[in-house]
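User: Could you walk me through how the helix packing and the cores get their labels here?

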Amino acid sequence: MNDANLKTRVETDAQQITQQIVVDEVFPHAPQTIWRTLTTGDLIGRWLMEPTGFEPVEGKRFTFQTKPAGAWDGVIHCQVLEVIANERLAYSWKSGDEKNVGYGSRLDTVVTWTLTKVGSATRLRLVHSGFVTPKNDSAFDSMGGAWPKVVQSIGSLAGESH
Amino acid sequence: MKAMLQVAPLDVVMRSLADPTRRAVFERIALSDETTVAELTEGSGVTQSAISQHLRSLKEAGLVVDRAQGRNVYYRVEQKGLAPLVDWMSHYGVFWRKRFTKLRSLLKEIDP
């Protein structure tokens, strides 16, 4: 099997996948403290982006203004889907435009935060789900061709990471 | 300060592929449909037991899967194995990791 076949296989597989991004880290703070940073407008603005109209109330709609791209005005439209104080927060995250590819492509996704107490610390898990590949993931598409090169460069990346 | 370190799938994938020989083994599996230890050893300049060890690491990292048929074990690439890496490299993967870093500093500031 040659490179072209590998690429086809990766792309075929990609068409069937809805991707999600998961970031999962332990923070040396109580869940209540972390909850405050996730659900207070001023604090959200200090680490994520400044929200307009955010309230931790199910059904509440709010927006983030970010960098426009092509036909997209850069506004991320969100709606609070689930609120369980100090445990779980979910909101929809819709942005982009059909005409864009890569950054600014049409997104209809959900962001879910889960807090779990681990001793005196808290595990914070972010799941950003609903990326439809390859439409929403230009990386996936272009990486089909760049696969071997990417794999080669991992050696140096991994060297830096620990 | 990191209170606890957990081994994320990304670390496992990167660590497994950080070894040049193991990476070469992975690439050879990726370029074949399915292959055996014997085929991988042939002309590799590495012993069969070394190849087997690399295969074990790749399997533990979720990068390859195997199936036994008769006396042979066939290895192929697990297509979703590189997903943690794709996430990490994609726009939102980078976006959220940066945000986690900012959140960590903010928390340190408001709750020292």
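Analyst: Sure. This is a predicted model, and a good place to start is H2(A) and H6(B), which are oblique to each other.

User: Why are H2(A) and H6(B) called oblique to each other?

Analyst: H2(A), residues 31-39, and H6(B), residues 91-110, pack at an angle of about 120°. Angles of 65 to 115 degrees count as roughly perpendicular and those over 145 as roughly antiparallel, and the rest, apart from angles under 35, as oblique. The angle of about 120° fits neither of those ranges, so the pair is oblique. Their axes are 11 Å apart, and the crossing is right-handed.

User: Which residues meet where H2(A) and H6(B) touch?

Analyst: On the H2(A) side they are A:Thr33, A:Ile34 and A:Thr37, and on the H6(B) side B:Leu103, B:Leu106 and B:Leu107.

User: What makes four of the residues in that contact nonpolar and two polar?

Analyst: Leu and Ile count as nonpolar, while Thr falls among the others, which count as polar. That gives four nonpolar, two polar and no charged residues.

User: What makes a set of residues a nonpolar core?

Analyst: The members must be buried residues of types such as Val, Phe, Ile and Leu, joined through C-beta atoms within 7 Å. The largest one has 20 residues, and B:Val13, B:Phe26 and B:Leu63 are among those touching the most other members. Helix H2(B) gives the most to this core, with four residues. A second, separate core of 16 residues includes A:Ile21, A:Val23, A:Ile34 and B:Tyr92.

Conventions: Residues numbered from 1 in each chain as written. Chains lettered and ligands numbered in written order. Predicted model: local features only at pLDDT ≥ 70, side-chain atom pairs only at ≥ 80, totals over all residues. Buried ≥ 20, exposed ≤ 12 C-beta atoms within 10 Å, placed from the backbone. Helix = DSSP H or I, 4+ residues; strand = E, 2+ residues; numbered from the N terminus. Axes fitted to C-alpha atoms, helices over the stretch in contact; angles between N-to-C directions. Left-handed = near helix turned anticlockwise from the far one by under 90°. Contact = placed C-beta atoms within 7 Å.
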